[in-house]
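This briefing goes through one protein chain, from its overall build to single residues. Please look at the sequence and the structure first, then read the points by topic.

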Amino acid sequence: QGVAIAILNMAVWISRREQTIEDIRVALGPAGPVPLRASQTETILRGQTPSDEVLQRAIQVLLFEASFRTSRHRATAEYRRHLAGVLLKETITIAWRRTFGEDL
């Protein structure tokens, strides 16, 4: 018998004005004891046009503000740090496409 336990998840909401992120919300869990609203990451992204450079900067800020811990039932802190960057880039890309049906 097994139970599916989330290693890491992320949600992104974007309000867009043409090619600019007008507003954004980023939530991450279970990175630490409680889900995280990544407000510093949101600040970095707000007013920007998504690009590899902007997303890399946002990933660095996310990794700074999130407190990852190792769980013997879920994953190591190191693996969660890796996944957080991948998830941020993927979820922003998907949310951006859904706003106007376009690619980055």
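Read along the sequence, the protein chain follows the pattern β-β-β-α-α-α, which comes to 3 helices and 3 strands. Helices (H or I, at least four residues) and strands (E, at least two) are DSSP runs, numbered from the N terminus. This is a predicted model, in which local features need pLDDT of at least 70 and side-chain atom pairs count only at pLDDT 80 or more, while totals for chains, interfaces and linings use all residues. Residues are numbered from 1 along each chain as its sequence is written, and side-chain values use heavy atoms, with hydrogens and water left out.

**The chain as a whole**

- The protein chain has a radius of gyration of 14 Å, which agrees with the value near 13 Å for a compact globule of 104 residues. The radius is taken over C-alpha atoms, and the globule rule is 2.2 Å times the number of residues to the power 0.38.
- The C-alpha trace spans about 50 × 30 × 20 Å along its principal axes.
- Of the 104 residues, 38% are buried. Buried means under 20% relative accessible area, exposed means over 50%, and partly exposed lies in between (1.4 Å probe, protein chains only).
- Among contacts between residues at least 6 apart in sequence, 53% join residues at least 24 apart. Contact means heavy atoms within 4.5 Å.
- About 6500 Å² of the protein chain is exposed, and carbon and sulfur atoms supply 50% of this area. Accessible areas come from the Shrake-Rupley method with a 1.4 Å probe; for residues, only the protein chains shown count as cover.
- The chain has 14 positive and 11 negative charges, and their mean positions are 9 Å apart. Lys and Arg count as positive and Asp and Glu as negative, with His and the chain ends not counted. The place of a charge is taken as NZ of Lys, CZ of Arg, CG of Asp or CD of Glu.

**Helix α3 and K89**

- Helix α3 covers residues 77-100, and its end C-alpha atoms are 35 Å apart, in agreement with the 34 Å that its 24 residues should span at 1.5 Å a residue. The expected span is 1.5 Å times one less than the number of residues.
- The buried residues of α3 include L83, L88, I92 and W96.
- The buried residues of α3 pack against two strands, β1 (9-17) and β2 (20-29), and against the helices α1 (39-45) and α2 (52-65).
- K89 lies in α3 and is partly exposed because its relative accessible area is 32%.
- K89 touches D52 and L55, not counting residues up to four places away in sequence. The C-alpha atoms of K89 and L55 are separated by 6.5 Å, although the two are 34 residues apart along the chain.
- G101 follows α3 and has a positive phi, near 70°.

**Helix α2 and V54**

- Helix α2 has 14 residues and reaches 20 Å from its first C-alpha to its last, close to the 20 Å expected at 1.5 Å a residue.
- Its buried residues are V54, L55, A58, I59, V61, L62, L63 and E65. They pack against β1, β2, β3 (36-37), α1 and α3.
- V54 is buried because its relative accessible area is 6%.
- Leaving aside neighbours within four places in sequence, V54 is in contact with L45, Q48 and T49.
- V54 and I44 are 10 residues apart in sequence and 8.1 Å apart in space, C-alpha to C-alpha.

**Loop residues Q48 and E18**

- Q48 lies in the loop between α1 and α2 and counts as partly exposed, at 27% relative accessibility.
- Leaving aside neighbours within four places in sequence, Q48 is in contact with Q19, T20, I21, V54 and R57.
- E18 is found in the loop between β1 and β2 and counts as exposed, at 62% relative accessibility.
- Phi of E18 is near 55°, a positive value in a residue other than glycine. Most residues other than glycine have a negative phi.

**Strand residue R25**

- R25 is found in strand β2 and counts as partly exposed, at 31% relative accessibility.
- Leaving aside neighbours within four places in sequence, R25 is in contact with A11, V12, W13, R37, E42 and R46.
- R25 and A38 are 13 residues apart in sequence and 7.6 Å apart in space, C-alpha to C-alpha.
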